[in-house]
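Subject: Handover of a structure for your review

Dear colleague,

Please find the structure below, together with its sequence. My notes on what was found in it follow.

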Amino acid sequence: MVVAPLLRLPQPGLRCMGSTLYKSQASPMKSRIYSQICRLGGQTAPCFSTSVSRWQTETLDRTRNIGIIAHIDAGKTTTTERMLFYSGFTRRIGDVDEGSTVTDFLPAERARGITIQSAAITFHWPPGDGAESQPLERDPSVPKSTVSHTINLIDTPGHADFTFEVLRSLRILDGAVCILDGVAGVEAQTEQVWNQASTYKIPRVIYVNKLDRDGAAFGRTVREVSSRLAVYPAVCQIPWFEGGNGAFVGVADAINLQGLRWKEGEDGRSVKMMDLEQLDAEESSLAQELRRARIALVELLSEQDEAIVEKFFECDEDHLAVPPMDIIDSLRRCVLDQSSRIVPVFAGASFRNMGVQPLMDAVVNLLPSPPEAPDPEVSIGGVKGGLRRLLSGDLIVEQNEKASAPVKGKKKKKAALQADPKDAISKLQSCALAFKVVNDPKRGVLVYVRVYSGSLDRNSLLFNTNLHLSERAPRLLKMYANDAVEVDSIPAGHIGVVVGLKHARTGDTLLSYAGNKPTPPEPLTSLQLRPIDVPPPVFFTSVEPHSLSEEKRMQESLGLLLREDPSLHVSVDEESGQTLLSGMGELHLEIARDRLINDHKAKASMGRIEIGYRESGLGTSNAITKIFDKEVAGRRGKAGCTAIVEPIDETDVSDLADEDTLLAETIEGNQIIIRAPGLQVDRSSRNDEETSPLLPPGLDPSSLRAALQNGALAALARGPQFTFPMHNTRVTLTLNAEEHLFGNDTTTSALSSAARQATSAALRDLLTGPGTVMMEPVMNVIISVDEASLGSVVHDISSSRGGHILSLDEEVPSSATDASGSPAEDNRPPIDPKRVYAPPDPFETPSVGAEVPVSASRPRTITAKVPLKEMVGYLKHLRSLTAGRGTFVMSVDRFENMSAQRQKAVLAELRGGF
Ligand SMILES: Nc1nc2c(ncn2[C@@H]2O[C@H](COP(=O)(O)OP(=O)(O)OP(=O)(O)O)[C@@H](O)[C@H]2O)c(=O)[nH]1
């Protein structure tokens, strides 16, 4: 029984095995591995000692923080389960279809067979004690996969509704395995996730799975990789089909020039290995193809890597003679070099337990360790750049030079940056990104963190730069799916869990710093690791507790859900008192409902899931002044302000800020401008606090600003005519000290009420003048179909669904597929798939490797803009139009004004119910 790392140099004891099964041999190497397996077989999870003496930076070289990304159903969970099994982490292979997997451990995930939450798991490959147990020096003449590595694996979800879950997980990865379905090839969602990974410059390898299925086409998939993902596929393995077109039985390895054959029906731990001569005897056409694959591989690498060219000449220009170790080194250099565009491709059928161990070797051999990964982007005081540059002081120096001319409305931040930022940076002890918050029924709320610099220690005070508060980290854990071990610190480059945090949410940046101050020195308070913009939620539903006594518990559960997933939003409709939950998609809200009711045991029900329409003004309102004057909780409150509302297109507020501007900010599609002429705000105080001689004691400009902003936001949550939230609306609030401040009676709650009343009145004023309009979410839709169904799908989108077709290309414009909204890849020229090596697929003519077949099954991509309403339930319809082959992805493009006719129809439908 062998769980052998395969993509290594042939070992003396292994090389001679020829066509005998590994299992029956007893080389010294194998018996070492065997004893490890037996030992690991006796426990469900390998144990870390609580002292992390070797869990330090020097072990980082043997650590991989990787993720698996793919289209839904490509086989991520199935492959992960095999990885856990072969590494000795589990003793039996979990099955997605039976609901017994380790990674999909939420009840909702097991029930639906899809991955919803990303789970972080640590295991070792090759089996052993991971990075900690290894000698620090490595023999460079053998592959990295000959020594045990620590793999932190983040399983990312594949459904489009969970785009932000994917993005959040991607941010913390140093490398990724992209799994493709060998039958479906590169699908629309693969492109989407691929482009998201490109945004973060994540080095990747590709694994073509499901090659055991009828219709599997490795060669076609490889060519699609070049044409649709715009990278050069470096074919490292080719599939082994019995007799050329029979059952899938293994792979031929172009790096080591050997055949690997698994036995049908076994758990995959026994692998028959054969060298080229043996392969010639057993499967000669495969051996010939393997030679072609090796030549193509060396040729491709030579185009990008000088070192391999030298080796090639040293080997008398014989492609087959180049040593495997040189090829591995060259591949690694290309994978880590962002400009190379080379992506190694591997083959397998995880469900049949074939191909997973070589893939794990590739993870260790080819993907980067944390220090080799691209410098993570940070933003600090309005500047963006790499974390390593920030820590070395370069980023701040550069910014100081740029910041010498002050910019309107941003004086405070610039001033802070100029106040010896280098000194502040030197006080930074550690910074980490909370990438996942999970409510564990036994352990409480677990905050998964990736530490980027320093070491996050137990009991240290963590400042949350998103929430601007500090909390202590009482306990730290190293996680194994749903098993955990306590540790004293989590060093840079590693992933761990903080238990006991009360506030930290998914996506927050946490840092510890030297000194006893309650907040870190400026500009550290604004440090953000890889911030992401979350687009507005487009579906909503009401949540109702079963009884009044359940209200508190329901709100607590909702609070937890929001910490776990900040792309969910909760609001309360002021008039009806209803709690509304909004999210990115129907499935997103359905899952939230399941989690609330089944996992959090909240006694509540959810209403129908509806589209989140918006409302916007068609012109500018009159200036409306309101004075709030009322006794609240035994205390008189009096304050006033003037509001004007108007529609906007632009979201840039920097030009609107002047000396009198207290706030100019865009929040959720609306702008709030607060002006206070003559308030004489002094920003020069020693403690960096603002003051004004005109404000009553206990009120400072910062609380005045927050109170007015909250009031305006509350009013914007409900439009005057259709009661949908306002969008594309600018509210300008003006506070005149003489008329609107009333000494000690002016409290923050009175100011907030005055702002709310004035804004609401200005919104109502629109109805007697220009009026308002309903807005609807319009989606960027990318549909993948084959040539035969192209016509009917295009017709359906443009005539029945009121969509605009933007393009009918085979190439997908990468920016359109990037749900993060940022341009994904640079504009690199497309790659001609005809120039790419790919082995022939069964039943194809041998020349097919150079020829792209033009047939009815050629994949086509339709890019369109379609109102979200018309996309509800679209998948089912698309499947019926395309004989089950079509897939699509969509992301919010923008909210658009609706025509009077469409508005009338939608309102009638809403009143009458769907
Ligand atoms: N024939 C065959 N089926 C496979 C293979 N790998 C996975 N499957 C099946 O494909 C389906 C989807 O597999 P999963 O592992 O759940 O896919 P996933 O990518 O994790 O899906 P999500 O979690 O929903 O994103 C399951 O029914 C698997 O049994 C394979 O190599 N061959």
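I begin with one residue of the interior. Leucine 297 touches Ala234, Val235, Cys236, Ala254 and Ile327, leaving aside residues up to four places away in sequence. Please bear in mind that this is a predicted model.

Leu297 belongs to the largest nonpolar core, which has 141 residues; Ala234, Val235, Leu297 and Val449 are those with the most contacts inside it. Helix H9, residues 284-304, gives the most to this core, contributing nine residues. Another core, of 38 residues, lies apart from it and includes Leu558, Leu568, Met584 and Ala604.

As for the chain as a whole, 51% of its 914 residues count as buried. Its secondary structure comes to 25 helices and 38 strands. Among contacts with a separation of 6 or more, 74% are between residues 24 or more positions apart.

The domain assignment divides the protein chain as follows: domain 1 (62-372), domain 2 (377-529), domain 3 (542-604), domain 4 (619-770) and domain 5 (774-843 + 853-913). Where domains 2 and 3 meet, seven residues of domain 2 are in contact with five residues of domain 3. On the domain 2 side, strand E14 (residues 428-440) supplies the largest share, three residues. By class, that side has three nonpolar, three polar and one charged residues.

Strand E14 also leads to strand E15. The two are joined by a hairpin through three residues, and 10 bridges connect them in an antiparallel arrangement. Within this pairing, alanine 432 has valine 451 of E15 as its bridge partner.

Which strands besides E14 does E15 pair with? Five bridges join E15 to strand E21 (residues 495-499), and the two run antiparallel; here valine 449 stands opposite glycine 496. Three bridges join E15 to strand E20 (residues 489-491), again antiparallel, with serine 455 opposite proline 491. Val449 thus appears twice in these notes, as it is also among the residues with the most contacts inside the largest nonpolar core. Strand E15 spans residues 444-457, and 11 of its 14 residues are buried, so it is largely enclosed by the rest of the structure.

A further sheet deserves separate mention. It is open, has five strands in the order E30-E31-E34-E33-E32, and shows mixed pairing. Why do strands E30 and E32 each have one side left without a neighbour in the sheet? Strand E30 (624-632) and strand E32 (661-667) stand at the edges and have a single partner strand each, so one side of each lacks a neighbour there. From one strand to the next, the twist averages 20°.

Within this sheet, strand E33 (residues 670-675) and strand E34 (residues 729-734) pair in the parallel sense over five bridges. Isoleucine 674 has leucine 733 in E34 as its bridge partner.

Two helices lie across strands of this sheet. Helix H19 (residues 701-716) lies across strand E31 (635-647), E32, E33 and E34, and runs at about 140° to E33. Helix H21 (residues 748-768) lies across E30, E31 and E34, and runs at about 35° to E31.

Yours sincerely

Terms used
Residues numbered from 1 in each chain as written. Predicted model: local features only at pLDDT ≥ 70, side-chain atom pairs only at ≥ 80, totals over all residues. Domains from an automatic or database assignment. Helix = DSSP H or I, 4+ residues; strand = E, 2+ residues; numbered from the N terminus. Nonpolar A, V, L, I, M, F, W, Y, C, P; charged D, E, K, R; others polar. Pairing = 2+ DSSP bridges. Axes fitted to C-alpha atoms, helices over the stretch in contact; angles between N-to-C directions. Buried ≥ 20, exposed ≤ 12 C-beta atoms within 10 Å, placed from the backbone. Core = buried A, V, L, I, M, F, W, Y, C linked by C-beta atoms within 7 Å.
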